[in-house]
Each structure stands twice: as C-alpha cells, then as structure tokens.
Amino acid sequence: MSGVVIVGAGLAAVRTAEQLRRNDYADAITIVGAEAHLPYDRPPLSKQMLRGEVDDVALKPAAFYEQHRIGLRLGVAARGVDAAAHTVTLADGEVLRYDQLVIATGLVPRRIPSFGELDGICVLRSFDDCVALREQAAGARRAVVIGAGFIGCEVSASLRSSGVDVVLVEPQPTPLASVLGEQLGALVTRLHRDEGVDVRTGVTVTSVAGTDGVESVTLSDGSVLAADLVVVGIGSQPACDWLAGSEIAVADGIVCDEVGRTNAPDVWALGDVASWRDGTGSQARVEHWSNVAEQARSLVSAMLNLDAVPAAGVPYFWSDQYDLKIQCLGHPRAGDTVHLVEDDGRRFLAYCERDGVLVAVVGAGIPEQVRTARGKIAAGAPISEVLQPA
C-alpha cells in the first residue's frame, strides 16, 4: 500500500489528508480508525447531539473520500508500529506498509475503576458514548456530573436544558479553574446556578451505589445525593498505549518537534495526542479544535519539503453552555491579573494580564470583542493600552 498512512480517524486525520491532496500529493492516503463511523466532529457530542438536535456529525460525506482517493480502514484499531520496517499492524492482523506515518489517535477518557460497571455510569468521548448517554438521559431525573471541565460543564448544560436535575461536582474551587482561573470560574459557576444546576465545589465523589443501576452518590463531605445517572468527566489521556515497544518517544503524548516530526524516521503526529515543541523550546499538547488545521498545514508542508512554517498564532477555544458561547483567545493562567471590563450578570468580558502585558481575553456572549483582541494578544500589547477608554 505504502503512501501516507494516518492512524486515527478524527478531525486531525481529515485535515491532514485534505492538506496532502491540496498540495498535490498523488500517492495513496489511508486513514485507519478504531471506530466504524465515518470521521466525525466531536464538539457537538456534548451539546447538539446529546440534546437530540442532530444525529449526523460526520466531518465529510463518504463521497468526499472517494473523490479525493482517501482510503478508509474503519472499525479496526492499530496495535503496533515497526518504525524500522515502516509498517503498522492492525488489530485484525493486517500489516500496512507506509512511506510516511501520521499518528492522530487523540485521547481516551479517564474512568474511575472503583465505580465498577453499574448501569447508569457514563463517559463521553466517542459517538457511541454519546448515543449511550443520550439513551440514559432520556429516562433520567437526577444526574451527578463528576468534573467541571469543558465536558462536565457542557454536559451539565445539555442535561439541564433537557429537564434533568443536575449536581455538578468539582474538587477545585470553581468550574474551569485550571483553565480560566478562579475569578472567571466563579462567573461560570454563576451561570450554571442561575440555570438550576447544583454546583458543589471543593469535594469529590467517594462512591456510587445501586442495585440494578445507579441510585446514589456519596461525596467526600458526607453528602449523599440521589441519582439515576452519573457522568464521569475527569479528563482524558493521550491514546499512546498501542505504541508500547516501538521506538517512538512518548512523554505526556507523542514527542514532536515544532512541525510534528517525531524521533522515528518518517513518523509524524498531531492533534490532542501530540506534544509539539513551542516557540520557547518547551513541549506542549494543545487540546483545542482550532489548533488542528494549523498543525496540519505545518506538518504537511514539512513532510512534502515545502516551506514549513511552525504552528504559531494565538490559541483559541470555545465552549457552548446554554445560550452563551464562552470564548478564550490566548494563554490564561491561574495567577494572571483579571480585568473584568463587562459583566451584565450573565454575559462578561475579561482581559488577563501577566507582567503588564495582555495575554488572554475571555468572553461569554460577547464574540466580537473577543475576536478583535487577537492582534493585541499576538503583539504583546501593554495592558494599559488595552484598558484605555475609547
């Protein structure tokens, strides 16, 4: 077969294949995916699809892959790489030869093994996870969502919008505290409480009980919550276990240079599974949807010996919760000074300052003001300049 083999069948795989064809790559391209579904978009899983508003989240129709001569090997996982032989072994025993290998396997959700297999305990990462959670939610009255990161907050909003009573449990002082800091996290807390979510912070779940299914959840402060649905949203980890025994370096993801090249010859990685070297020489994984297209352009340019430009730019991510789009440009940290410049009790806009410089802008329901800040963040504008009245 040879050509380019892409392991992983999500957004990063599709964007890479698109870039290859856009740059006139003529040899074979094969996408290998563990799931049987066409490559699909993940953000709607915790929102529109969970609420039953959409069922088709495919990134491209089947005809797209035929038109662009992109082979799909779906429903079978990769089980190993022999970098010296330039081969990938699949779970069914098939061995694929490659000229170039791109790894885009993404993340796997963390679970809580002590909870066992009690009916009504769900995670949300895949299409099938979403289908299972939606079926459980249809008959649920009381849900406990464990973890108030993006998935936990979005699932809480979707369940609440569907009429389910929700308790959101988070060990940190606020939802999204590790991403936005406590001051902005408090505004997210306010949003959920205004929508009727019972937000419990500074506590953990110690046990789940039930006979035929979930019936109750016990928290570390001794509280016992009635529940017929539990959603575990405690984060994910890079899907790298299948690389054990290969020479490909892994350290909190696949270790790459600034264009996605690994230590193994002709092996590349991008997306959530990949730790790229940034402009400071540090390694970082960026788990944001908007990062992928930029990485794909850099990786393909380097692979084809074109003028490769390291992925840079200003990071951007968003989260849809209720009627608000929470957006962030830049690199907020917990210790930043936060300037709350707009707050009407629901919508807000904040500038994050570090060492006198604007490093991030966070907004909820104020998209235009967030977007227009990109240039100032990229330029390292002094916060005094940004806060000057118009």
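These are my notebook entries on a few local features of the structure above.

**Entry 1: the model.** I am working with a predicted model, so every value below is computed from predicted coordinates.

**Entry 2: a pocket.** I went to the second largest pocket, which holds about 330 Å³ of space. I then listed its lining, which has 16 residues, and R111, G116, E117, I121 and C122 are the closest to the pocket centre. By character, the lining residues split into 10 nonpolar, 4 charged and 2 polar.

Which element gives the largest share of this lining? My lookup says α3, with 5 residues. I noted that α3 covers 127-138, and that β9, at 121-122, also supplies at least two lining residues. I121 and C122, listed among the residues closest to the centre, are thus the positions that β9 spans.

**Entry 3: aromatic pairs.** I asked for ring pairs and got 5 of them in the structure. Two numbers are worth writing down for any such pair: the distance of the centres and the angle of the planes. For W289 and W318 I found 5.8 Å centre to centre and 75 degrees between the planes, an edge-to-face arrangement. The cut-off for that label is over 60 degrees.

Why does this pair tie together separate parts of the chain? W289 sits in the loop between β21 (283-284) and α7 (291-303), while W318 belongs to strand β22 (residues 316-321), so the contact joins parts 29 residues apart in sequence. I also checked accessibility: W289 is partly exposed at 35%, and W318 is partly exposed too, at 22%. Buried would need under 20%. Following the ring pairs further, I saw that Y316 joins W289 and W318 in a cluster.

**Entry 4: a charge over a ring.** I looked at F64 next and found K60 over the face of its ring, 5.0 Å from the ring centre.

**Entry 5: a three-stranded sheet.** Here I traced an open sheet with the strand order β18-β20-β21 and mixed pairing. Its edge strands, β18 (254-255) and β21, each pair on one side only. As a reminder to myself, strands of a sheet pair through backbone hydrogen bonds, either parallel or antiparallel. In which sense do β20 and β21 pair? They are antiparallel, with 2 bridges, and β20 runs over residues 274-277. Across from W276 I found A284 of β21.

**Entry 6: positive phi.** Most residues other than glycine have a negative phi. I therefore kept two exceptions on my list, H86 and L176.

- H86 has a phi of about 60 degrees. I placed H86 in the loop between β4 (78-82) and β5 (87-90), and its 12% relative accessibility makes it buried.
- L176 has a phi near 55 degrees. Its loop runs between β11 (165-170) and α5 (177-180), and L176 is buried at 3% relative accessibility.

**Entry 7: V361.** Is V361 buried or exposed? At 0% relative accessibility, V361 counts as buried. I located V361 in strand β26, residues 357-364. I also noted A373, which is 12 residues away from V361 in sequence and 7.0 Å away in space, C-alpha to C-alpha.

Terms used
Residues numbered from 1 in each chain as written. Predicted model: local features only at pLDDT ≥ 70, side-chain atom pairs only at ≥ 80, totals over all residues. Heavy atoms only, no water. 1 Å grid on protein atoms, 1.4 Å probe; cavity = no way out; pocket = protein on both sides within 12 Å on 5 of 7 lines; lining within 4 Å. Points joined across faces, edges and corners; volume = space filled by probe spheres on them. Helix = DSSP H or I, 4+ residues; strand = E, 2+ residues; numbered from the N terminus. Nonpolar A, V, L, I, M, F, W, Y, C, P; charged D, E, K, R; others polar. Phe/Tyr/Trp six-rings, centres within 6.5 Å; stacked < 30°, edge-to-face > 60°. Buried < 20%, exposed > 50% of the residue type's maximum accessible area, 1.4 Å probe, protein only. Lys NZ or Arg CZ within 6 Å of the ring centre and 35° of its normal. Pairing = 2+ DSSP bridges.
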